[in-house]
Amino acid sequence: MPAESLRWDTLEALKNSPKGRLKYNPDWLEKGEDILSGCNEAPSLSPLSGLILKRLNMSPRALQKTCSLGSASTDPSTGLSEEALVSSTSPFPSQASLFPALFIPLYASNNLSPVTNPIPSPTISLLSPRATQMEGCIRICEEKHRAKAKMELSLRQELQEKLVASVASRESEQLKRFEELMELKQRQEYQSMRDMVDRETQESIGRQEKLKEEHKNRIKILNLRLREAEQQRLREAEFERQRQVEGRERLRALNAIQEEILQLNQLLEPAAPTQSGPSPVLTSYSTRANQLCSQVSEVVRMTAEGEFPSVEDMTVAERALHEMRSLIRVMQEAAAQAQEKRKKEQEEEEERRKMAMLQAQQEEQKKSAALSAKEKARKKGLQTKAEQSTLKWYQELQDSANQCAQSFEGLNNTKDIQTKKLRMELQKAATIPVSQISSISGSKLREIFDKIDKLLSGRSVVSGGKSVSTSQHPNGLDFVSYKLAEKFVKQGEEEVASHHEAAFPIAVVASGVWELHPKVGDFILAHLHKKCPYAVPHYPPMKDGTSVEEYQKILGYRVEDGGVEAQDSFLKRMSGMIRLYAAMIQLRWPYGSKQGPDPHGLNNGWRWLAQMLNMEPLADVTATLLFDFLEVCGNALMKQYQVQFWKLILLIQEEYLPRYNRHSQQFSCITSVHNS
């Protein structure tokens, strides 16, 4: 059937049309496109509708014919005439045949007519039953295809949604795992970074600590170096200051030596000429003195250029001074000997004139001596006190010491701070060297002696880091001499009493000082007799009105707080002082000139021993003193007096000791009765 064939042609045409060639694309949903968007669009005019209307306006007959054809809807040939019309008026037969009813309704609905027709046109129906049927079939087919497409699309959408959901869930899980992995990596990286930072921090702290330690060590080293440098600087400054002080001290001492040498040289001038002309010996002394003055002046001239005198210069100057003193002493001794010789000649002349008178007096003296000897033999007793000459000598020494003490009373009682400091420095300078003398002093004895000699000579000495001199105070020399003698005796009282061998070094220094400064020797005897009256020897009697404590002090006991010291302590002190005295009378300073007489020689020891044996013995005291004196000085007395000494020892053994034993027994009995 023609309709059946056209139907299939229509379907084929639709299939080949742009809309019929549509293909399903799964990306439509993702792109947001709608499959049926072309079917749901509003109808619009075809680009060829204007051409159709133009053809209709040009041939009204054809329009009427078409209208008439439209009224005969049951004519089976209508479709052909329509197709022919469309085919004759349209240059696109395929489109006209495919859409026969598309253009006419649009034209009718839009009333597109180029010619104004007052007569209303009849309603034109261009759709034939076949076309309507075909259009219905097309629409049914489209609906089916649309439903099928919707169904497939929904299935595809569901499948796609499931697939998307599964993929999304899988991807979500993978994303979670990935995030966990990334989080783990981040944690690991963070931990590794933190560990690395901690390590670096620890290393940095370690480096900082190490740097701090190194810095501290460097600071310590620098501080040590600075301290060492400062100490070195201070030592150098102190050394320079000490050098300056010692240099100035040596310069002052050199000036003092020059002044003393010049004064001593002046002493030679008036003493040189004599009645018989200048003596060759004195002329040689004067020449040597001038040479010594020139030598010292040369040393002073060298120091006048701004430099301090060296130790060698001072040694030369001091040697010159000692030699000058020796010359003066020798000259004075020579002058004294000459004067003594003249005096002896005068005395001999006087004696020759008085010889006759003396012979008669000698006869009378012999008779009186015989009578006194008989009287002594009758009494058979010993003396209870010292001889008058000895007591007079003892009293003169005490008066001299008291006068010296009174002369520097103002120095002792001064309120001036500077004077008090000077007094303390002078006392230290006098007593400290004596305290340094001991049995092991050795070569220091000469240094100690020189220091004492310089102080007594008015030169400056260094004591306690300060320079001091007796010339700084008018009574400085008396004060130093008195304190020095007191210290010598105190050393015998304490040091020698404890260490008997210390008597000899102390005695040899005291003897040297005594030889150069006789005034100090007199003060030593005065202090010794005051503390140990048995060294005179003298047994002081108890006078009326004298208390027991005062009398015990006079005897040499220490009385403190109303109590008298023990007998052992008293005997120990007396022993130390008598040992010092026995050592002094037999020793001389080995570095002196030894040209003059011994200031207090062995003859005084023989006098003391003889007078001691002529006095009544005292219990404990006499035996102790005799033993200590003979132990120290017995050998020297034996060498000096030989047979006379042995006679004296025999006298002690046969007569004195039995008398002493009787006195000791009587004293013991009296003591026991008194104690009971």
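This note goes through salt bridges, surface patches and one long-range contact in a predicted model.

1. Salt bridges overall. The count for the model is 21 salt bridges. Side chains of opposite charge can pair when their charged atoms come close. Three of the pairs are taken up below, one within a helix and two between helices.

2. Glu-493 and Arg-573. These two side chains form a salt bridge, and the closest N and O atoms are 2.7 Å apart. Glu-493 belongs to helix H16, residues 476-498, while Arg-573 belongs to helix H20, residues 567-584, so the salt bridge ties together parts that are 80 residues apart in sequence. Both partners are buried. For Glu-493 the relative accessibility is 5%, and the residue counts as buried because the cut-off is under 20%.

3. The network around Glu-493. The pair in point 2 is part of a network of salt bridges that links Glu-493, Lys-531, Arg-558, Glu-565 and Arg-573. Within this group, the side chains of Glu-493 and Lys-531 are also joined by a polar contact of 3.0 Å. Glu-493, in helix H16, therefore has a place in the network as a buried residue, at 5% relative accessibility.

4. Asp-628 and Arg-579. Helix H20 also holds Arg-579, whose partner Asp-628 is in helix H22, residues 621-641. The salt bridge between their side chains has an N to O distance of 3.0 Å. The two residues are 49 residues apart, and the pair links distant parts of the chain. Asp-628 and Arg-579 are both buried.

5. Arg-207 and Glu-203. This salt bridge lies inside one helix: both residues are in helix H8, 4 residues apart, or about one turn of the helix. The closest N and O atoms are 3.9 Å apart, and the pair is counted because the cut-off for a salt bridge is within 4 Å. Neither partner is buried: Arg-207 is partly exposed at a relative accessible area of 49%, and Glu-203 is partly exposed at 46%. A reader checking this pair may want to keep both the distance of 3.9 Å and the cut-off of 4 Å in view.

6. A nonpolar patch. Leu-175, Phe-178 and Met-182 make a nonpolar surface patch of about 270 Å². Leu-175 sits in helix H8, which runs over residues 129-271. The relative accessible area of Leu-175 is 45%, so this residue is classed as partly exposed, and it passes the patch cut-off because that is set at over 30%.

7. A negative patch. Five glutamates, Glu-340, Glu-345, Glu-347, Glu-348 and Glu-351, form a negative surface patch. One of them, Glu-345, is located in helix H10, residues 311-353. Glu-345 is partly exposed, and its relative accessible area is 46%. Patch residues have no salt bridge by the rule used, so Glu-345 is without one here.

8. Met-134 and Thr-10. What separation do the C-alpha atoms of Met-134 and Thr-10 have? The value is 8.2 Å, for two residues that are 124 residues apart along the chain. Met-134 is a further residue of helix H8. Unlike the partly exposed Leu-175 of point 6, Met-134 is buried, with a relative accessible area of 13%.

Terms used
Residues are numbered from 1 along each chain as its sequence is written. This is a predicted model: local features need pLDDT of at least 70, side-chain atom pairs count only at pLDDT 80 or more; totals for chains, interfaces and linings use all residues. Side-chain values use heavy atoms; hydrogens and water are left out. Patches are made of residues with over 30% relative accessible area and no salt bridge: like charges are joined within 9 Å, nonpolar side chains (Val, Leu, Ile, Met, Phe, Trp, Tyr) within 5 Å. Accessible areas come from the Shrake-Rupley method with a 1.4 Å probe; for residues, only the protein chains shown count as cover. Buried means under 20% relative accessible area, exposed over 50%, partly exposed in between (1.4 Å probe, protein chains only). Lys and Arg count as positive and Asp and Glu as negative; His and the chain ends are not counted. The place of a charge is taken as NZ of Lys, CZ of Arg, CG of Asp or CD of Glu. A polar contact is a pair of N or O atoms within 3.5 Å; within protein, one must be able to donate a hydrogen and the other to accept it, and residues adjacent in sequence count only if both atoms are side-chain atoms.
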